[in-house]
Amino acid sequence: MDLGLQGKTAVVTGAGSRIGYGRGIARTLAAEGCHIVAVDIDGEGARETAAELEKSGHAALAVAADVTDRAAVDAMVAETLERFGQIHILVNNAGASSKLKPFVEMTRTDWDLDIQVNLYGQMNVAQAVLPHMIERRYGRIINFSGGRGIPNISIYGAAKAGIIAFTEALAREVAQHGVIVNAIGPGLGETGLVAHAPREFLEANRQRSMVKRLCTPEDVGPVVAFLASDVCSYMAGQLIHLSTF
Ligand SMILES: NC(=O)c1ccc[n+]([C@@H]2O[C@H](COP(=O)([O-])OP(=O)(O)OC[C@H]3O[C@@H](n4cnc5c(N)ncnc54)[C@H](O)[C@@H]3O)[C@@H](O)[C@H]2O)c1
């Protein structure tokens, strides 16, 4: 099946983590023929991702940007348009989580990290690319939801629940302009995000999984590729829950 991704430009935020979903998604989309813009607050990680892709013959650009900083995001969009001319796909993958903590012990700094990166960050990047996508009457936006209702990450979960409502509304606003918006809720994986989680927590989830393993970047990449593709032109405003629980 031809996904129609050849020659398309995909902005992948949070693509700098060596063990994260973003780099895996960048690899999958590049293999399908996309030009990749690897965006991360960790500029060195983003450069590593872009260098790896270029080494295997793909077009890639690394941009160091904090998704919560609108000026930096606007500069990233301008640099991308200058290099590739169009943004077809936004993978709103950048995310962060404060340390596991009961809600009563969480500080306002913890709340701010969880809400700013996971909710405002995705809204920021979506708002920055949308005028361009609407003008070209083409776009795919994939937002990142995640674990909700999980004890000790209550604010992170609130932000990720907000992403579902945001996705539903935004999809209804922009589908008429040729922009398809969906969300993915990946399963628990051993990425940078959960590096501080106790081993027992990861092991318990491995056992709870129907296939007795955690989610990997290689599981997430193909689902994102579908959502980013021309094949995905009828489903909009939905959440794909990538789970074996
Ligand atoms: N790992 C899981 O179990 C899991 C489960 C469900 C959803 N998710 C979601 O998947 C997405 C990818 O996370 P991951 O698990 O690969 O973790 P990760 O920590 O490996 O990758 C996240 C990346 O986002 C970047 N980032 C953080 N704050 C940023 C900012 N302000 N601006 C730009 N970049 C920033 C980090 O530097 C990092 O490279 C996140 O949205 C996360 O919430 C992860």
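The following exercises, each with a worked solution, concern a predicted model.

**Exercise 1. The surroundings of the ligand**

Determine which residues come nearest to the ligand, and which elements give two or more residues to the shell around the ligand.

Solution. Begin with the residues around the ligand, of which there are 31, and note that Gly-14, Gly-20, Gly-95, Gly-146 and Gly-192 come nearest. Next, assign the shell to secondary structure: the elements that give two or more residues to it are helix 1, spanning 21–31, and helix 4, spanning 108–136. Finally, sort the shell by class, which yields 12 nonpolar, 16 polar and 3 charged residues.

**Exercise 2. The nonpolar core**

Identify the residues with the most contacts inside the largest nonpolar core, and state which element provides the largest share of this core.

Solution. The largest nonpolar core comprises 62 residues, and those with the most contacts inside it are Val-12, Ile-36 and Ala-38. The largest share of this core comes from helix 4, with 8 residues. To see how one of these residues is placed, take Ile-36 and set aside residues up to four places away in sequence: Ile-36 then touches Ala-10, Val-12, Ala-26, Leu-29, Ala-30, Leu-53, His-58 and Ala-60. As general background, nonpolar side chains tend to be buried together in soluble globular proteins.

**Exercise 3. The crossing of helix 3 and helix 4**

Describe how the axes of helix 3 and helix 4 cross, and list the residues that meet between these helices.

Solution. Two packed helices are described by the angle between their axes and the distance between the axes. Here the axes of helix 3, residues 70–84, and helix 4 come within 9 Å and cross at roughly 40°, and the crossing in which helix 3 passes helix 4 is right-handed. On the side of helix 3, the residues involved are Arg-70, Val-73, Asp-74, Val-77 and Leu-81, which meet Asn-124, Val-125, Ala-128, Val-129 and His-132 in helix 4. Sorted by class, this contact has 6 nonpolar, 2 polar and 2 charged residues.

**Exercise 4. Positive phi outside glycine**

Is Asn-152, which has a positive phi although it is not a glycine, buried, exposed or partly exposed? Answer likewise for Lys-212, another residue other than glycine with a positive phi.

Solution. Phi of Asn-152 is about 75°, and this residue is found in the loop between strand 5 (139–144) and helix 5 (154–174). Asn-152 counts as partly exposed because 16 other C-beta atoms lie within 10 Å, a number between the limits of 12 or fewer for exposed and 20 or more for buried. Phi of Lys-212 is near 55°, and Lys-212 lies in the loop between helix 6 (199–208) and helix 7 (217–227). Because Lys-212 has 9 other C-beta atoms within 10 Å, it is exposed.

**Exercise 5. Two residues between helix 7 and strand 7**

Work out the exposure and the contacts of Asp-230 and Cys-232.

Solution. Asp-230 lies in the loop between helix 7 and strand 7, where Cys-232 is also found. Asp-230 is partly exposed because 14 other C-beta atoms lie within 10 Å, and Cys-232 is partly exposed because it has 18 C-beta neighbours inside 10 Å. Not counting residues up to four places away in sequence, Asp-230 touches Leu-3 and Gly-4, while Cys-232 is in contact with Ile-180, Phe-226 and Leu-227. As for distances, Cys-232 and Val-181 are 51 residues apart in sequence and 9.9 Å apart in space, C-alpha to C-alpha, whereas the C-alpha atoms of Asp-230 and Pro-151, 79 residues apart along the chain, are separated by 38 Å.

How values were computed:
Residues numbered from 1 in each chain as written. Predicted model: local features only at pLDDT ≥ 70, side-chain atom pairs only at ≥ 80, totals over all residues. Near = placed C-beta within 6 Å. Helix = DSSP H or I, 4+ residues; strand = E, 2+ residues; numbered from the N terminus. Nonpolar A, V, L, I, M, F, W, Y, C, P; charged D, E, K, R; others polar. Core = buried A, V, L, I, M, F, W, Y, C linked by C-beta atoms within 7 Å. Contact = placed C-beta atoms within 7 Å. Axes fitted to C-alpha atoms, helices over the stretch in contact; angles between N-to-C directions. Left-handed = near helix turned anticlockwise from the far one by under 90°.
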